[in-house]
Amino acid sequence: NIDQITEVTKLITTTISKLAPKAVLVYGGSVNGDNSGPINTIQDISGILVGSASLDINEFIKIIKNNV
């Protein structure tokens, strides 16, 4: 759920920024072609980490197309 991801990443970023102001957050929880675009637009996320979806060439291409 994008709202949950947004809420949690905001909390993580706020907490980490006190210790490491230049730290970036990369999201890697079940990224796929359908959710990668919306996830990558969340303000506190600096990128996405693609796991098993990268093993399916069509899914991986969909992820790339949704994020360029």
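Visitor: How many salt bridges does the count come to?

Guide: Just one salt bridge is counted, and please keep in mind that this is a predicted model. The partners are Asp34 and Lys62, whose side chains meet with 2.6 Å from N to O. This pair links distant parts of the chain: Asp34 sits in the loop between β1 (26–27) and α2 (36–40), while Lys62 belongs to helix α3 (residues 57–65), 28 residues apart.

Visitor: What makes a pair of side chains a salt bridge?

Guide: A side-chain nitrogen of Lys or Arg has to lie within 4 Å of a carboxyl oxygen of Asp or Glu. Asp34 and Lys62 show 2.6 Å from N to O, so the pair qualifies under the 4 Å limit. In general terms, side chains of opposite charge can pair when their charged atoms come close.

Visitor: Why is Asp34 called exposed, and what is Lys62 called at its relative accessibility?

Guide: Exposed means over 50% relative accessible area, and buried means under 20%. Asp34 has 58%, so it counts as exposed. Lys62 has 35%, which lies in between, so it counts as partly exposed.

Visitor: Let's turn to helix α1. How do you know whether Thr9 is buried or exposed?

Guide: Thr9 has a relative accessible area of 5%, and this is under 20%, so Thr9 is buried. Its place is in helix α1, residues 2–19. Setting aside neighbours within four places in sequence, Thr9 is in contact with Leu25, Ile42, Asp44 and Ile45.

Visitor: What does the side chain of Thr9 reach?

Guide: The side chain of Thr9 reaches the backbone oxygen of Thr6, at 3.1 Å. A polar contact needs N or O atoms within 3.5 Å, so that distance fits the limit.

Visitor: Which residues make the nonpolar surface patch?

Guide: Val8, Ile12 and Ile16 make a patch of about 210 Å². Take Ile12, which is found in helix α1. Patch members need over 30% relative accessible area, and Ile12 has 32%, so Ile12 passes that cut-off. The value is not over 50%, which means that Ile12 is partly exposed.

Visitor: And Ser36: why is it called buried?

Guide: Ser36 has a relative accessible area of 0%, so it falls under the 20% cut-off and is buried. Ser36 lies in helix α2. Not counting residues up to four places away in sequence, Ser36 touches Val31, Ile48, Ile63, Asn66 and Asn67. With Asn67 there is also a polar contact of 3.0 Å between the side chains. The C-alpha atoms of Ser36 and Gly47, eleven residues apart along the chain, are separated by 9.6 Å.

Visitor: What makes the phi of Ser30 worth a look?

Guide: Ser30 is not a glycine, yet has a positive phi of about 55 degrees. Most residues other than glycine have a negative phi. Ser30 lies in the loop between β1 and α2. At 64% relative accessibility, over the 50% limit, Ser30 counts as exposed.

Visitor: Stepping back, in what order do the elements of the protein chain run?

Guide: From the N terminus on, they run α-β-α-β-α, with three helices and two strands in the protein chain. Of its 68 residues, 24% count as buried. Among contacts between residues at least 6 apart in sequence, 42% join residues at least 24 apart. The accessible surface comes to about 4,900 Å², with 58% of it belonging to carbon and sulfur atoms.

Notes: Residues numbered from 1 in each chain as written. Predicted model: local features only at pLDDT ≥ 70, side-chain atom pairs only at ≥ 80, totals over all residues. Heavy atoms only, no water. Helix = DSSP H or I, 4+ residues; strand = E, 2+ residues; numbered from the N terminus. Buried < 20%, exposed > 50% of the residue type's maximum accessible area, 1.4 Å probe, protein only. Polar contact = N/O pair within 3.5 Å; in protein donor to acceptor, adjacent residues only side chain to side chain. Contact = heavy atoms within 4.5 Å. Patch = residues over 30% accessible without salt bridge, like charges linked within 9 Å, V, L, I, M, F, W, Y side chains within 5 Å. Areas by Shrake-Rupley, 256 points an atom, 1.4 Å probe, with all protein chains shown as cover.
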